[in-house]
Amino acid sequence: HCSQGIGIWEWASTDQGHPEPDLVLACAGDVPTLEALAAMSIVREKMPSLRIRFVNVVNLMKLHPHNRHPNGLSDAEFDS
C-alpha cells in the first residue's frame, strides 16, 4: 500500500469489491485517517447496507492524472 501511494483498505470497506460502491471515503494523513475510520464505524452502525469503499492516500501526487505527473493514476485506475 505505501509503496503504491494509494490503496483500498478492504478490511475497512463494506463494498466487498463491488464495482459500484455507494460511497467512496478517501483520506490522507494520520489524523484524517483515524477520523475517517471513526466515521466508517458510525455509518456502518446507522446504514449497514451502504456499500462503502475506504481509500487511503499516502502519495498525494497519485491523485493527479498520469499525463500531468509521473506518479499520477490513469483514468481507469482512478475510476476503479
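Let's start with strand 2 and strand 3, the latter covering residues 52-57: these two run parallel and pair over six bridges. One of those contacts is easy to find on your screen, because alanine 28 has valine 57 in strand 3 as its bridge partner. Please keep in mind, as we go, that this is a predicted model.

If you are new to sheets, here is the background. Strands of a sheet pair through backbone hydrogen bonds, and the pairing can be parallel or antiparallel.

Now zoom out a little. In what order do the three strands of the open sheet come? The order is 1-3-2, and the pairing is mixed. Strand 1, residues 6-8, and strand 2, residues 23-28, are at the edges with a single partner strand each, so each of them has one side without a neighbour in the sheet. On average, neighbouring strands here are turned by 20° against each other, if we ignore direction.

Next, the salt bridges. How many does a search of the whole structure find? It finds two.

Let's take arginine 53 and aspartate 15. Their side chains meet in a salt bridge, with 2.7 Å from N to O. Arginine 53 sits in strand 3, while aspartate 15 belongs to the loop between strand 1 and strand 2, so this pair ties together parts that are 38 residues apart in sequence. Are these two residues buried or exposed? Arginine 53 is buried, and aspartate 15 is buried as well.

The other pair is aspartate 22 with arginine 51, whose closest N and O atoms are 3.6 Å apart. Aspartate 22 is in the loop between strand 1 and strand 2, and arginine 51 is in the loop between helix 1 and strand 3, so here parts 29 residues apart in sequence are tied together. What about accessibility? Aspartate 22 is partly exposed, at a relative accessible area of 44%. Arginine 51 also counts as partly exposed, because its relative accessibility is 27% and that class lies between 20% and 50%.

Let me finish with a stop at the helix. Where does proline 32 sit? You will find proline 32 in helix 1, which spans residues 30-46. Proline 32 is partly exposed, with a relative accessible area of 39%. Try locating asparagine 56 too: proline 32 and asparagine 56 are 24 residues apart along the chain, and their C-alpha atoms are separated by 9.8 Å.

That's my tour, so do have a look at the structure and ask away!

Notes. Residues are numbered from 1 along each chain as its sequence is written. This is a predicted model: local features need pLDDT of at least 70, side-chain atom pairs count only at pLDDT 80 or more; totals for chains, interfaces and linings use all residues. Side-chain values use heavy atoms; hydrogens and water are left out. Helices (H or I, at least four residues) and strands (E, at least two) are DSSP runs, numbered from the N terminus. Axes are lines fitted to C-alpha atoms, for helices over the stretch in contact, and angles run from 0 to 180 degrees between N-to-C directions. Buried means under 20% relative accessible area, exposed over 50%, partly exposed in between (1.4 Å probe, protein chains only). A salt bridge is a side-chain nitrogen of Lys or Arg within 4 Å of a carboxyl oxygen of Asp or Glu.
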